[in-house]
Amino acid sequence: MKGSCAPLVSLLLLAVLGLLGRKDGLVDARGIARRDGDSNSQFPGPDEFVRHRYPTVVALGNHLYIDGGELSRQANVTKSNGTESDQTYPSYAANATFSLNLNESWTNDSVTFRSITKTAPLLDQQIYWSDPTNGAGALYTWGGMAVGSDPPPENQLWLLNTDGTGGGTWSQVPQGNYRDFAKLQQPVGAAFTQANHVGYAMGGQVTSRTDPNVQKEDPGYALTGLVSYNFQTGMWANSSTVSYYGGYGTNLNGMAEFVPFGPNGLLLFFGGAETPVYATNDSILDVSWNTVNLHDPVTGKWYRQGTSGVRPPVRERACSVGVQGPNNTYEIFIYGGTSQQQTEGTLADVYILSLPGFVFVNANSPGTPRADHACTVVGGGKRQMLSYGGVDGGPFLKTPTTTPDPWKQGLGIYDMTELKWTDSYNPNAAPYESPKEVADWYAQGGMNTITWCDSLEELFVNGSSGTYGMVANSTSATEPDGSSFKKTGIIAGSTIGGVVFLIITGSLVFLTIRWRRRRRESTMVASTFNEYRPEPWPKDSPRMRSVTPGTMVSSPTPVEPIEISGTVRGELPAEDVEWTYELPVPTPKLRPELPDRKYSY
């Protein structure tokens with residue numbers, strides 16, 4: 001009996017420990033609470049939400065999807081004089097994907113989140129791309145670093161196929177060219193964007209938390225190269241950035257946007273920091289805003305263009321969004337971040353970089369200090385920027401504060417036309433218009449003050465007309481999947497289809513004419529052949545069929561055989577022939593040819 005009771009007692013003890021761990025959380029060496037219970041699969045809600053660091057945020061259809069990173073929540077909080085007590089809020093890996101509805105109005109304290117079961121690895125600071133044309137929309141995640149003391153992740157690409165209702169299913173993407181994929185080192189802190197069904201990621205770093213084969217801890221090794229992944233073909237590529245970008249071809253925690261100028265569109269890289277490949281805390285320097293770098297993803301050419309206006313302080317770990325203006329301008333909004341070189345800690349300001357002017361404008365509408373957050377454009381009018389998550393800390397974010405996020409559930413909404421923050425979302429907001437400060441700069445002739453670099457002007461300005469060189473004059477260039485190419489694709493497809501139709505029609509006409517010509521020539525040859533056709537051999541002649549050797553016959557109509565070439569054959573005249581042998585002659589003494597002996601008359 002004792003032996004049979006011992007396993008039961010052990011199971012009961014394990015169950016009790018499991019309940020305790022589920023209730024209070026198990027904290028590892030870094031203070032990361034490994035919550036494995038069902039409560040971790042639910043969004044904390046406005047009363048318990050504290051912070052969400054390193055989130056992935058993507059708008060697909062009528063829903064916003066939030067994935068990855070570390071959540072922290074409060075429970076059993078004691079208050080004193082209406083303020084939070086001095087305590088810590090251990091973070092834990094968000095083991096579910098969350099979604100909220102963008103088809104209805106809400107405030108940041110009333111909106112509810114839906115949880116989606118996640119089978120993909122739980123990672124911080126992932127690279128993410130979205131493909132709205134894949135079913136109801138798809139979210140790709142690659143790279144990132146392990147949470148807490150978890151082992152580094154394997155090099156894998158994961159896909160969330162959404163269902164259009166705020167749900168979805170995770171699956172690992174098989175690699176058709178695994179040999180090329182295996183050569184890539186999955187980064188953390190890369191600058192990434194996408195265009196025309198291709199995702200791009202430049203730079204980043206590898207550390208002991210990103211790769212099991214790397215022993216060097218943060219800041220690890222900086223990566224060079226621009227990695228691309230084609231959503232439709234599944235092909236990976238990696239082009240060099242050395243000698244093309246910055247001093248080393250590296251970038252840490254920078255930003256990237258696709259801007260729809262020129263025939264192919266351009267990838268714009270800005271902000272962040274750079275360092276030699278063997279990175280140290282002293283070797284990392286923030287990138288200046290005096291110039292920005294652009295890359296043509298089709299030709300592979302790099303450009304470096306100077307900027308003007310009120311440039312922002314240097315920063316990394318900020319968020320950015322891009323939106324097209326009604327006059328073919330393109331504005332990039334930059335919010336928050338931190339700096340390796342500044343002492344003020346986490347930033348709260350908003351700056352605008354407007355193209356094609358390459359001019360910076362201070363929006364003078366700060367939000368709340370935050371870094372390691374994410375932003376995206378929401379609403380049908382593309383007027384609102386949604387900011388989610390992030391932390392507030394000192395320089396280098398080494399000591400993130402323990403106070404809860406000033407915004408309920410980490411959500412802030414920014415009107416990019418009025419330059420105002422709000423706590424509410426409006427799905428029917430008016431279409432975006434360039435802010436007055438930006439529009440005034442162009443109206444006052446600001447374009448005449450630009451000093452263009454290389455041959456960049458011809459990609460941004462359409463010759464003497466002075467209009468801006470948007471891709472195919474698209475009016476929807478802000479779509480994250482590079483939908484500015486959709487009209488170009490339709491035009492190109494129609495043109496190619498018309499050319500192919502003309503080629504096929506021309507080929508059919510040509511073949512018909514040639515067939516008729518050959519048929520006519522064949523008829524002429526046949527008639528010529530029949531005109532000069534020789535008389536058949538005796539055994540084929542209708543007059544001599546069934547004639548056996550030795551039978552005497554007469555030929556009342558002498559015929560002189562003619563070769564096709566018209567040459568008269570040197571044969572005995574058949575005029576007085578009274579008998580003949582069929583060929584071949586069975587007599588051994590006769591040769592298998594026309595008899596050469598004299599016939600008797």
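This report walks through aromatic pairs, charged contacts and backbone features of a single structure. The model is predicted, so please read every value below as computed from its atoms.

**Aromatic rings**

Let us start with the rings. A pair of aromatic rings is described by the distance of the centres and the angle of the planes. The structure holds 34 aromatic pairs. Take Y245 and F269: their ring centres are 6.4 Å apart and their planes meet at 80 degrees, so this pair is edge-to-face. The angle decides the label, because planes over 60 degrees apart count as edge-to-face. Y245 sits in the loop between β22 (236-239) and β23 (255-259), while F269 belongs to strand β24 (residues 266-270). With their positions 24 residues apart, the pair links distant parts of the chain. Both Y245 and F269 are buried.

A second example is the pair of W407 and W421, which is tilted, with 5.0 Å from centre to centre and 40 degrees between the planes. W407 is found in the loop between β35 (384-388) and β36 (411-415), and W421 in strand β37 (residues 420-422), so the contact ties together parts that are 14 residues apart in sequence. As for its surroundings, W407 counts as buried at 14% relative accessibility.

Rings can also join up beyond a single pair. Which residues do ring pairs link into a cluster? The members are W129, Y140, W142, Y178, F181, Y229, F231 and W236.

**A lysine over two rings**

K216 is worth a look in the viewer. This lysine lies over the face of Y221, at 5.4 Å from the ring centre. K216 also lies over the face of Y278, where the distance to the ring centre is 4.5 Å.

**Salt bridges**

Next come the charged pairs. Side chains of opposite charge can pair when their charged atoms come close. The count comes to 11 salt bridges, and the table gives three of them.

| Basic residue | Acidic residue | Closest N to O distance |
|---|---|---|
| R209 | D124 | 3.9 Å |
| R370 | D405 | 2.8 Å |
| K436 | D440 | 2.8 Å |

The pair of R209 and D124 has its closest N and O atoms 3.9 Å apart, and it qualifies as a salt bridge because the cut-off is 4 Å. R209 lies in the loop between β19 and β20 and D124 in strand β11 (residues 123-124), so the bridge ties together parts that are 85 residues apart in sequence. How do the two ends sit with respect to solvent? R209 counts as partly exposed at 23% relative accessibility, whereas D124 is buried, with a relative accessible area of 0%.

R370 and D405 meet at 2.8 Å, N to O. This pair, too, links distant parts of the chain: R370 is in the loop between β33 and β34 (374-378) and D405 in the loop between β35 and β36, 35 residues apart. Are R370 and D405 buried or exposed? Both are buried. They also take part in something wider, as R51, R370 and D405 are linked in a network of salt bridges.

The bridge between D440 and K436 stays within one element. Both residues lie in helix α3 (residues 436-443), four residues apart, which is about one turn of the helix. D440 is partly exposed, with a relative accessible area of 28%, and K436 counts as exposed at 59% relative accessibility.

**Backbone features**

Finally, the backbone. Most residues other than glycine have a negative phi, and most peptide bonds are trans. Here are some exceptions.

Two peptide bonds that lead into a proline are cis. One joins D218 and P219, with omega at about 10 degrees; P219 is found in the loop between β19 (205-206) and β20 (221-222). The other runs from L355 to P356, with omega near 15 degrees. P356 lies in the loop between β32 (350-355) and β33 (359-362).

Positive phi values turn up at two asparagines. Phi of N196 is near 55 degrees, and this residue lies in the loop between β17 (191-195) and β18 (198-202). N196 is partly exposed, with a relative accessible area of 39%. For N328, phi is near 65 degrees, and its place is in the loop between β30 (319-324) and β31 (330-335).

Key: Residues are numbered from 1 along each chain as its sequence is written. This is a predicted model: local features need pLDDT of at least 70, side-chain atom pairs count only at pLDDT 80 or more; totals for chains, interfaces and linings use all residues. Side-chain values use heavy atoms; hydrogens and water are left out. Rings of Phe, Tyr and Trp (its six-membered ring) pair if their centres lie within 6.5 Å; planes under 30 degrees apart count as stacked, over 60 as edge-to-face and the rest as tilted. Buried means under 20% relative accessible area, exposed over 50%, partly exposed in between (1.4 Å probe, protein chains only). A charge sits over a ring if NZ of Lys or CZ of Arg is within 6 Å of the ring centre and within 35 degrees of the ring normal. A salt bridge is a side-chain nitrogen of Lys or Arg within 4 Å of a carboxyl oxygen of Asp or Glu.
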